[in-house]
Amino acid sequence: MDIIESTIREFLLQLPAARKIRDLKAGDSLLQRGLLDSQGIINMVTYFEETFDIEIRDEEVVPENFESVRALSQLIKRAMRVRPGGA
Amino acid sequence: MPPLQSFLTETASRHGARPALSMDDRILNYADLDASSTRLANSLIRHGVRIGDRVALWMPKSLEAIVSIWGILKAGAAFVPVDPAAPVSRLATIARDCEIRALVSEMDRAADLQNELGDHPPMRAVVYAADGALPDRAAPWSSLTWNDVESESAEPPPVRIDDRALALVQYTSGSAGAPKGVAISHRALIGQADWTVNALALSTEDRIPGYTPLSSAMSTFEIFGGMRAGATVFPVPPRLAPFPAAVAKSWSDQRVTALYVVASVTQMLLSRGNLDALDFSALRTVVIGGEHLPLQRLGDLMSLLPHARFFLSYGRTEAKVRSLHEVKFPPKEIDTRTIGKTAADIHLLVLDQDDNPVADGAVGEMWIAGPGLMLGYYGRPDLTAEVMRTITPAPNGSMLACRTGDLVRRHPDGTLELVGRADDQIKVRGYRVEIGEIEAALCRHHSVEAAVVIAVPNVDIGSRLHAVVVLKHDAQASEAMLRDHCAAELPPYMVPETIEFRASMPLMSNGKVDRRSLRENAARLGLQG
């Protein structure tokens with residue numbers, strides 16, 4: 001498991017709605033589990049932007065990119081590639 | 001007068017082929033909506049629902065949920081919308097409080113329902129309004145699927161009620177801790193729907209998104225106002241709702257013409273909705289309500305949507321008033337505090353502590369009188385008596401009125417200015433302070449997106465002021481800068497002692513800022529001194 005996926009998982013599991021969840025597989029649906037509301041989404045975007053020093057564009061904050069840990073990780077990796085001086 | 005559902009039957013007979021509801025890739029026209037809701041009414045009646053009964057609705061927003069509201073009304077019962085995100089224990093509290101006869105829910109909640117309500121169920125029947133197999137375990141109530149409903153007759157049931165009947169029990173948090181049910185008549189909902197349709201000139205050509213949760217007081221605008229006009233309502237799919245840019249894009253694609261949003265959602269759309277990249281040329285009416293919207297954000301939104309008319313709206317759960325104040329560009333500070341026009345038969349009274357009218361220009365508490373009033377808190381005459389009284393003198397001699405807790409001042413031109421809450425008024429070092437004034441001052445700082453001020457109890461000086469601030473995207477400001485800014489506008493006792501920065505405000509399910517959680521957090525941070 002890479003560092004990005006584990007950071008995402010860590011963030012999600014500390015949400016109040018995650019109380020009942022012990023395990024979160026990379027492909028599990030985050031939206032179906034009701035983990036995220038509008039508040040949670042905005043907090044998460046801000047957290048990832050600060051943690052990974054990236055910018056997530058508004059039009060990328062859509063259900064497809066928040067469907068699972070895997071989808072989120074791909075979103076973050078894409079953003080890291082366009083980061084000025086990013087790898 | 002006939003009850004609310006006569007709207008639907010009337011619209012269905014005149015515009016049956018027009019789309020009533022559209023969500024995801026499904027469209028329900030007015031004739032289908034009328035027939036489906038009649039089938040549900042027949043099914044509910046077959047399972048014991050009678051005139052005056054309560055039927056709860058506990059499921060995410062969907063076409064079936066809206067069909068159900070109409071079906072419950074057609075059975076002569078009142079609907080009780082419960083926040084779908086609320087735990088089953090809250091549903092149980094509400095179900096017992098108003099003794100529901102039936103429940104409309106969805107299949108994957110069946111196990112929760114059996115565990116929580118299986119022993120002493122208040123209801124006789126549960127309709128599962130979404131696909132799925134019935135649970136194996138026998139439940140102590142009749143379980144129906146949507147297929148069972150669809151096989152009922154579409155012949156209108158012989159239900160005779162008029163507009164004085166109970167239509168809706170809306171639960172709101174009570175200061176005593178348990179939720180209280182606000183009982184609303186058909187007449188109050190009809191009056192509000194007619195007023196909004198006329199004041200906003202809504203028609204069959206309108207396309208209106210349904211964003212506010214069905215459990216919140218504001219959703220009656222979309223459902224009853226929109227359908228009174230024969231417009232098309234686009235309920236926002238729950239999967240999309242948390243994503244500001246996705247919601248905004250769907251509204252642009254749907255070419256929505258009229259929009260109702262609460263202030264905090266407006267702020268979310270402005271900061272994360274990608275609005276400037278989208279086409280909103282069809283949008284002609286924007287109504288913003290629920291709470292105070294900072295002037296700067298109102299101006300930002302108006303600049304983005306130069307073709308739309310803007311209205312700020314005031315409403316109460318206890319009285320279906322829905323005032324509308326039209327704002328012209330550029331908006332002024334006073335606009336954000338003005339209570340606008342209401343229906344002609346709604347009277348807004350400004351009274352002192354002894355229920356006597358106050359002079360123009362003086363601050364008093366606003367009371368509401370007229371047909372929009374609630375019938376009372378369900379099963380709680382004691383709580384009802386605390387807020388509803390016959391007021392003399394009133395425009396019609398003496399009138400039954402309901403207190404709002406809002407402090408207002410009447411200007412010489414007749415408009416009312418909101419100056420604060422009767423119950424949020426606090427004392428700091430012996431001075432009387434209106435929280436809203438401090439929040440407005442913080443919001444005037446160019447870096448501040450939103451601000452909430454709370455009074456943290458302190459054993460030595462009564463209370464300390466603590467501010468929670470959300471900065472604009474990419475903006476910077478320090479605690480010291482903001483305190484300096486406040487100190488430049490306010491007397492020293494009104495300057496917050498501590499300022500906490502957050503990425504966004506915590507919201508309650510109705511979209512309003514969750515002040516309680518901010519207060520509890522401030523107390524945890526040890527700010528109580």
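Q: What makes two residues of chain B and chain A count as being in contact, and how many residues does the contact take from each chain?
A: Two residues are in contact if their C-beta atoms, placed from the backbone, lie within 7 Å. In this predicted model, where local features need pLDDT of at least 70, side-chain atom pairs count only at pLDDT 80 or more, and totals for chains, interfaces and linings use all residues, the contact takes 16 residues from chain B and 14 residues from chain A. Residues are numbered from 1 along each chain as its sequence is written, and chains are lettered from A, with ligands numbered from 1, in the order in which they are written.

Q: Which elements give two or more residues to the side of chain B that touches chain A?
A: They are helix H9 (244–253) and H10 of chain B, helices being DSSP runs of H or I with at least four residues and strands runs of E with at least two, numbered from the N terminus. H9(B) gives the most to this side, with three residues.

Q: What classes of residue make up the side of chain B that touches chain A?
A: Ala, Val, Leu, Ile, Met, Phe, Trp, Tyr, Cys and Pro count as nonpolar, Asp, Glu, Lys and Arg as charged, and the others, Gly among them, as polar; on that basis this side has 11 nonpolar, three polar and two charged residues.

Q: Why is the set of 152 residues called a nonpolar core?
A: The name applies because a nonpolar core is a set of buried Ala, Val, Leu, Ile, Met, Phe, Trp, Tyr and Cys residues joined through C-beta atoms within 7 Å, where buried requires 20 or more other C-beta atoms within 10 Å of the residue's own. The largest such core has 152 residues, and among those with the most contacts inside it are B:Leu44, B:Val80 and B:Ile368. Helix H3 (residues 63–74) of chain B supplies the largest share of this core, eight residues.

Q: How do you know that this core lies between domain 1 and domain 2 of chain B?
A: Domain 1 (5–185) and domain 2 (344–421), whose bounds come from an automatic or database domain assignment, both give residues to the core, so it lies between them.

Q: Why are the buried residues of H11(B) said to line one face of the helix?
A: The buried residues of helix H11 (residues 295–304) of chain B are B:Arg297, B:Leu298 and B:Leu301. Taking the directions from the helix axis to the C-beta atoms, these buried residues fall within an arc of 105°, so they line one face. They pack against helix H10 (263–272) and strand E15 (323–327) of chain B.

How values were computed. Buried ≥ 20, exposed ≤ 12 C-beta atoms within 10 Å, placed from the backbone.
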